[in-house]
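Reader: Got a minute to go through this one with me? Let's pull up the model.
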Amino acid sequence: MEVNKSFKDRLSLGWRARKSAVSVSLIIIVYSVFNLGHATLAALSAVFAIRENMTDTYKYAKYRIFGNTIGVLIATTLIFLRRNFPILNNDIYTSVSGGLGVLLVLNFCTLFGNKQSIINSTATFLVVYLGTPEDTWLVYSISRILDTVFGTGVAIAVNRTLPNRKQDS
């Protein structure tokens, strides 16, 4: 039946999906073995970076690293201000600076000609700015950049190691 074949073809997993799954599994294993905490952002970075070919994988890895770095830098700057100027340690500052931070992220990504990084940069900004533990804010922030570098590094290694679609036949 044509319907079943079409359905089966739609369920078929290509090499990009397989490479994403392998990358995520490797990242989770490494984070677990070395007790590195949550592997979420490293795994997301790997999935985001894996592409059909190495050229695109490098390009999207660069977007991810750039975006996360911008998001972290802006978030940590605003957290630093809030922590070091008691007058800013309130909900009004957090609300206003949260919106300002999003605008800064958008402007920096555009300024550096990296519009492809806007979404992940904004997401990283919000994760760090709104979700950073107060007592470990700096370590937490730096860890988000390292997670991204590690996740994209795994994606590049896996994409380089496993076959691509052209080698599939």
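Reader: What share of the contacts with a separation of 6 or more comes from residues 24 or more positions apart?
Author: 69% of them in this protein. A contact here means heavy atoms within 4.5 Å.
Reader: And what am I trusting here?
Author: This is a predicted model: local features need pLDDT of at least 70, side-chain atom pairs count only at pLDDT 80 or more, and totals for chains, interfaces and linings use all residues. Residues are numbered from 1 along each chain as its sequence is written, and side-chain values use heavy atoms, with hydrogens and water left out.
Reader: How many helices and strands?
Author: Seven helices, zero strands. Helices are DSSP runs of H or I with at least four residues; strands are E runs of at least two, numbered from the N terminus. The order along the sequence is α-α-α-α-α-α-α.
Reader: What box do the C-alpha atoms fill?
Author: Roughly 70 × 35 × 30 Å, along the principal axes.
Reader: How much is buried?
Author: 35% of the 169 residues. Buried means under 20% relative accessible area, exposed over 50%, partly exposed in between, with a 1.4 Å probe and protein chains only.
Reader: Switching topic. Where is N89?
Author: In the loop between α4 (54–84) and α5 (91–111).
Reader: Buried or exposed?
Author: Exposed, because its relative accessibility is 54%.
Reader: How far is N89 from I79?
Author: 9.2 Å, C-alpha to C-alpha, and 10 residues apart in sequence.
Reader: Last one. How many positive and negative side chains?
Author: 17 positive and 9 negative. Lys and Arg count as positive, Asp and Glu as negative; His and the chain ends are not counted.

Notes. The place of a charge is taken as NZ of Lys, CZ of Arg, CG of Asp or CD of Glu.
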